[in-house]
Structures are given as structure tokens and as C-alpha cells.
Amino acid sequence: MSIKEIKDKQMFELNKQCEIRGVDFTSMVKLLNSEKVKKLQKRNHYIQQTIDAEIEKSLNHEDK
């Protein structure tokens with residue numbers, strides 16, 4: 001099964017569960033997408049901090 005098929009199946013199941021529980025599917029998708037963005041931003045921030053720390057460490061090492 002391809003990634004697209006898995007993703008489509010998961011969205012179908014989410015839509016079905018939203019209908020059963022009376023939750024707006026569109027709102028749920030928006031919430032999921034915003035969580036993805038937050039995780040990506042957090043990950044990118046961590047990577048940037050690591051890069052900055054390495055640069056700082058190498059600059060401090062050169063000064064000695």
C-alpha cells in the first residue's frame with residue numbers, strides 16, 4: 001500500500017469518525033494541519049539552535 005493510499009484511508013476514517021461523533025471534519029483537518037506546522041517550526045528552531053551552538057563553539061575554540 002502506498003503512502004497516498006494510507007493517507008487517503010486515514011482521512012476517510014477520520015471523516016467517518018467525525019460524522020459519527022458530530023464533529024466538523026473541516027475543523028478537525030485544520031487543527032491537524034496547524035499541529036503539523038507547529039511541530040515543523042519547533043524542529044526547525046531546534047536545528048537552528050544546534051547550528052548556532054556549533055558556530056559559537058567553533059568561534060570560541062579559535063579564540064583560544
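The questions and answers below go through a predicted model of one protein chain.

Me: How many helices and how many strands does the secondary structure of the protein chain come to?
Reply: Helix α1 covers residues 3-21, and helix α2 covers residues 25-63. No strands are assigned, so the DSSP runs come to 2 helices and 0 strands.

Me: What is the radius of gyration of the protein chain, and what does the globule rule give for 64 residues?
Reply: The C-alpha trace spans about 65 × 30 × 10 Å along its principal axes. For 64 residues the globule rule gives 11 Å, and the value for this chain is well over that, so the chain is more spread out than a compact globule. The radius of gyration is 21 Å.

Me: What part of the 64 residues in the protein chain is buried?
Reply: A residue counts as buried when its relative accessible area is under 20%. The accessible surface of the chain comes to about 6,100 Å², and 59% of that surface belongs to carbon and sulfur atoms. Buried residues make up 2%.

Me: Which span should the 19 residues of α1 have, and how far apart are its end C-alpha atoms?
Reply: The estimate uses 1.5 Å a residue, which gives 27 Å for the 19 residues of α1. The end C-alpha atoms agree with this, being apart by 27 Å.

Me: Which residue follows α1, and what is its phi?
Reply: Helix α1 consists of residues 3-21. The residue that follows α1 has a positive phi, near 75 degrees, and is Gly22.

Me: How far apart are the C-alpha atoms of Gln17 and Ser27?
Reply: Gln17 has its place in helix α1. Gln17 counts as partly exposed, at 32% relative accessibility. Along the chain, Gln17 and Ser27 are 10 residues apart, and their C-alpha atoms are separated by 13 Å.

Me: How many salt bridges does a search of the whole structure find?
Reply: Side chains of opposite charge can pair when their charged atoms come close. The chain has 13 positive and 11 negative side chains, with the centres of the two sets 7 Å apart. The number of salt bridges found in the whole structure is 4.

Me: Which residue forms a salt bridge with Asp8?
Reply: The partner lies in helix α1 together with Asp8, 4 residues apart, about one turn of the helix. Asp8 is partly exposed at 43% relative accessibility, whereas the partner is exposed, with a relative accessible area of 57%. The closest N and O atoms are 3.3 Å apart, within the 4 Å cut-off. The partner is Lys4.

Me: How far apart are the closest N and O atoms of Lys38 and Glu35?
Reply: Lys38 and Glu35 both lie in helix α2, 3 residues apart, which is about one turn of the helix. Glu35 counts as partly exposed, at 38% relative accessibility. The two residues form a salt bridge, and their closest N and O atoms are apart by 3.1 Å.

Me: How far apart in space are Glu35 and Glu13, C-alpha to C-alpha?
Reply: Glu35 is found in helix α2. In sequence, Glu35 and Glu13 are 22 residues apart. In space, C-alpha to C-alpha, the value is 19 Å.

Me: Is Lys57 buried or exposed?
Reply: Lys57 meets Glu54 in a salt bridge of 3.4 Å, N to O. Both residues lie in helix α2, 3 residues apart, about one turn of the helix. The relative accessibility of Lys57 is 51%, and the cut-off is over 50%, so Lys57 counts as exposed.

Me: What is the relative accessible area of Glu54, and how far is Glu54 from Lys42 in space?
Reply: Glu54 lies in helix α2. Its relative accessible area is 45%, so Glu54 is partly exposed. Glu54 and Lys42 are 12 residues apart in sequence, and in space, C-alpha to C-alpha, they are apart by 19 Å.

Conventions
Residues numbered from 1 in each chain as written. Predicted model: local features only at pLDDT ≥ 70, side-chain atom pairs only at ≥ 80, totals over all residues. Heavy atoms only, no water. Salt bridge = Lys/Arg side-chain N within 4 Å of Asp/Glu carboxyl O. Buried < 20%, exposed > 50% of the residue type's maximum accessible area, 1.4 Å probe, protein only. Expected span 1.5 Å × (residues − 1). Rg over C-alpha atoms; globule rule 2.2 N^0.38 Å. Areas by Shrake-Rupley, 256 points an atom, 1.4 Å probe, with all protein chains shown as cover. Lys, Arg positive; Asp, Glu negative; His and termini not counted. Charge placed at Lys NZ, Arg CZ, Asp CG, Glu CD.
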